[in-house]
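Trainee: Could you take me through one part of this model slowly? I'd like a close look at the places where the pieces touch.

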Amino acid sequence: MQHRNSRALALSAALALSLGTLAACGSDDGGSSSGDGGSGTTEPVTISVATFNEFGLEGPIEAWNAEHDDIKIEQKKVGTWDEAKENLYTKLAAGSGLSDVEAIEGDGMPAILAESDAFVDLASDDVEGRWLDWKQAAGTDADGRLIGYGTDIGPEGICYRADLFEKAGLPSDRDEVAGLLGTWDDYFATGQQFAAKMPKTAWYDSSGGVAQAMLNQVANPFEGDDNTINVENPELENVWATVTGNVDLSTRLPQWSDDWTAAFQNNGFATMACPGWMLGVVEGNASGVKGWDFANVFPGGGGNWGGSFLVVPAQTEHPEEAQQVAAYLTSPESQLMAYADKGTFPSQVDALDDDALTQDVRPFFNDAPVGEILAERAAAITVQPYKGPKYSDILQAFQAAILRVDDGSNTPEQSWKTFLSDVDQLS
Amino acid sequence: MPFTRPRTRPPGPRPGGAAATGGSPAGTRAPARTGLTWRQRLSWLDVRLSPYLYISPFFLVFLLIGIFPLAYTAYVSFFDWSLIGGQGEYVGLQNYRDVLGNPYFWKSVVNTLSIFVLSSGPQIVIALVVAALLTTYLRVPTFWRMSVLLPFVVAPAATAIIFGNVFGDRYGLINQGLDLIGLGPIQWHVDRLASHLAIASMVNWRWTGYNALILLAAMQAVPRDLYEAAEIDGAGKVRQFWSLTLPMIRPTLLFVIVTSTIGGLQIFAEPRLFDNTPAHNGGSDRQFSTVTMLVYDYGWRLRELGLASATSWLLFLMIVAFAILNFVLVRRAGRHL
């Protein structure tokens with residue numbers, strides 16, 4: 001019996017020990033989290049900011065981290081919005097795992113506003129009147145809650161290769177080029193001229209990019225103002241017919257693909273639709289290539305392509321600090337820094353007449369007065385397309401439809417039919 | 001190896017019966033137990049129950065992360081279920097009808113089978129050859145064996161980047177090589193069969209060495225004296241391989257075939273990383289969309305978990321059918337060898 005007792009004792013001791021460890025773990029957790037939320041004197045709070053593509057936030061973040069000890073910012077970057085979007089929805093559904101601040105692409109914002117309960121209302125007196133009206137409206141949900149702080153907008157100009165223009169016998173001076181490309185008809189006609197002389201180089205970077213640029217000038221591309229999906233409208237059919245009718249002028253490559261990136265280094269194309277944030281992309285992909293320039297013109301008038309928002313998911317443990325960080329990163333000063341770095345054009349009213357913007361000249365683009373041009377391009381924007389909650393999904397289907405014609409896997413008629421059935425599945 | 005060797009199993013009653021484990025014949029057990037002290041009874045329980053207790057963690061974990069998701073997926077598949085909004089209305093079999101009525105599903109099934117055949121087939125044949133070569137007497141055998149396994153260690157994402165450069169439509173290595181010798185480029189991301197070949201080569205590169213090592217282990221376990229006997233009987237190396245090696249490693253071969261079937265039918269990372277289109281759902285015209293990619297597309301791009309779950313279950317049934325088919329075929333083939 002002695003023996004048995006000692007065994008039982010050992011067993012209960014082991015049990016007590018393991019329970020004790022568990023309890024210790026529990027109290028440990030409680031301790032650290034209460035420390036975070038409370039005084040905040042011990043450990044600094046780290047606010048993660050998830051971005052995609054190039055936001056140019058490295059400068060502002062570095063400046064913040066140098067100054068602040070209580071809150072540290074950590075940026076997490078992925079390649080494209082499509083990747084960021086999947087991650088976002090997966091973790092929204094999971095209820096955890098999102099960064100404290102998430103970047104949302106402008107086209108994806110309507111879908112986010114439809115789920116605005118999952119995000120923090122960021123309205124505050126400090127940011128009252130900070131943004132251009134239409135930008136702020138695009139970040140506000142149906143109940144008037146401000147969900148997204150605007151970062152940049154995407155006024156579009158034309159990036160072009162002056163050296164290739166010269167070879168093709170076209171004028172290469174940026175003012176003359178601007179005179180050449182005022183309407184879409186001019187743009188495609190000049191492209192035919194170019195193609196006749198330079199058969200190995202495409203006129204523009206991708207059919208998808210041109211389609212996107214044209215869609216940005218349509219009031220209701222996919223959805224009516226009441227969010228009813230209507231893709232069989234004459235404007236969209238016009239964009240479709242124009243883009244698929246001119247695929248010979250395109251590289252026929254999907255935008256953002258490996259081959260598309262490689263085309264920058266291989267004289268793959270001569271022009272592309274360039275919103276401000278694209279300037280940084282061009283400079284990065286075409287690094288070492290000489291001859292790029294930026295013309296103060298956009299076919300068919302002005303157009304805004306993209307431009308993003310920062311949102312704070314409701315699942316964050318530090319909503320106040322996250323809001324503070326988001327407000328800092330979207331301040332005119334931060335956005336001017338981002339602009340200087342990556343060409344993301346600020347959406348903040350106070351930044352627009354700042355010398356850092358208006359006097360900006362870019363050596364890579366043959367010393368083009370990029371700031372002045374983008375400001376004029378922003379002023380030329382007359383149409384803000386209506387974007388409902390399904391906009392981003394339909395756009396993706398539309399881009400795939402164009403790609404099918406581009407790569408020759410479908411005729412335009414087949415591809416349009418597939419697009420219609422894809423859209424049917426969305427509703 | 002999870003499979004016992006049928007040919008080496010001793011004749012007679014199967015092991016594991018009451019006589020082998022209990023220690024006392026069944027008939028005498030009940031009266032005997034009444035005379036036992038409770039310590040003796042504990043020890044008896046110890047012998048009877050402990051083995052099950054020891055293996056229970058696996059089954060408990062399996063229940064948690066295997067059976068539960070399977071059952072829950074089945075439950076979700078009967079509902080209109082949004083990724084963000086959660087559970088909606090009960091819709092019965094409507095999700096299954098929708099999936100089966102969707103042309104993308106059938107396209108994905110064909111793509112999956114095509115990629116599976118193009119990968120698993122050559123993979124196992126090459127793995128067998130490599131394993132057979134590795135069993136011969138080589139200098140520094142460990143070096144050769146580890147080299148074969150090297151591709152398996154490389155992350156799929158890294159593999160995809162390398163193969164993305166090789167199979168680029170415009171500026172890829174192969175197409176530039178073809179261009180040099182005056183042949184037209186192959187549209188690796190557009191042409192359906194070409195895309196399947198590209199993806200299959202990615203899979204083969206990764207898994208052939210792994211399978212070869214498993215087969216090698218089985219080959220090493222074949223008793224050497226059998227080969228000596230075969231040699232004395234005048235059998236050449238090839239005859240030895242067909243009549244001796246293959247039948248002896250049959251259970252392992254079955255294991256390799258079944259796992260590569262399951263892996264092949266669930267293929268996801270390679271085609272998705274191979275994809276250049278913004279939507280990443282298997283090419284502009286779904287030339288290389290697989291069933292697993294469709295599951296992901298339903299669940300995470302269209303945010304319809306009900307449809308995604310229904311598709312998962314259809315895939316599950318497909319895999320079960322293939323596993324049974326494999327089993328039967330290998331069994332039957334074994335009888336003729």
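**Where the pieces touch**

Mentor: Let's start inside chain A, which is split into domain 1 (45-153 + 307-358) and domain 2 (156-301 + 375-426); those bounds come from an automatic or database domain assignment. Keep in mind that this is a predicted model, where local features need pLDDT of at least 70, side-chain atom pairs count only at pLDDT 80 or more, and totals for chains, interfaces and linings use all residues. Residues are numbered from 1 along each chain as its sequence is written, chains are lettered from A and ligands numbered from 1 in the order in which they are written, and side-chain values use heavy atoms, with hydrogens and water left out.

Now the two domains of chain A. Taken over C-alpha atoms, their centres lie 27 Å apart. Where they meet, 18 residues of domain 1 are in contact with 18 residues of domain 2 (contact means heavy atoms within 4.5 Å). Together they bury about 1400 Å², with 55% of that on carbon and sulfur atoms; buried area is the accessible area (1.4 Å probe) that two parts lose on being put together, summed over both.

What about charges? Between these domains there are 2 salt bridges, meaning a side-chain nitrogen of Lys or Arg within 4 Å of a carboxyl oxygen of Asp or Glu. The side chains of A:K85 and A:D393 form a salt bridge, at 3.2 Å from N to O. On the side of domain 1 of chain A that touches domain 2, α3 (81-94), α4 (109-114) and β5 (152-153) each supply at least two residues (helices, H or I, at least four residues, and strands, E, at least two, are DSSP runs numbered from the N terminus).

Next, chain B comes in. Its contact with chain A takes 27 residues from chain B and 33 residues from chain A. The area buried between the chains is about 2800 Å², and carbon and sulfur atoms give 51% of it. Across this interface there are 2 salt bridges. B:R303 makes a salt bridge with A:D393, their closest N and O atoms being 3.1 Å apart. So look at A:D393 twice: A:K85 bridges to it, and B:R303 does too, by the salt-bridge rule above.

On chain B's side of the interface, α3 (38-76) and α14 (291-301) each supply at least two residues. The largest share, 4 residues, comes from α14(B).
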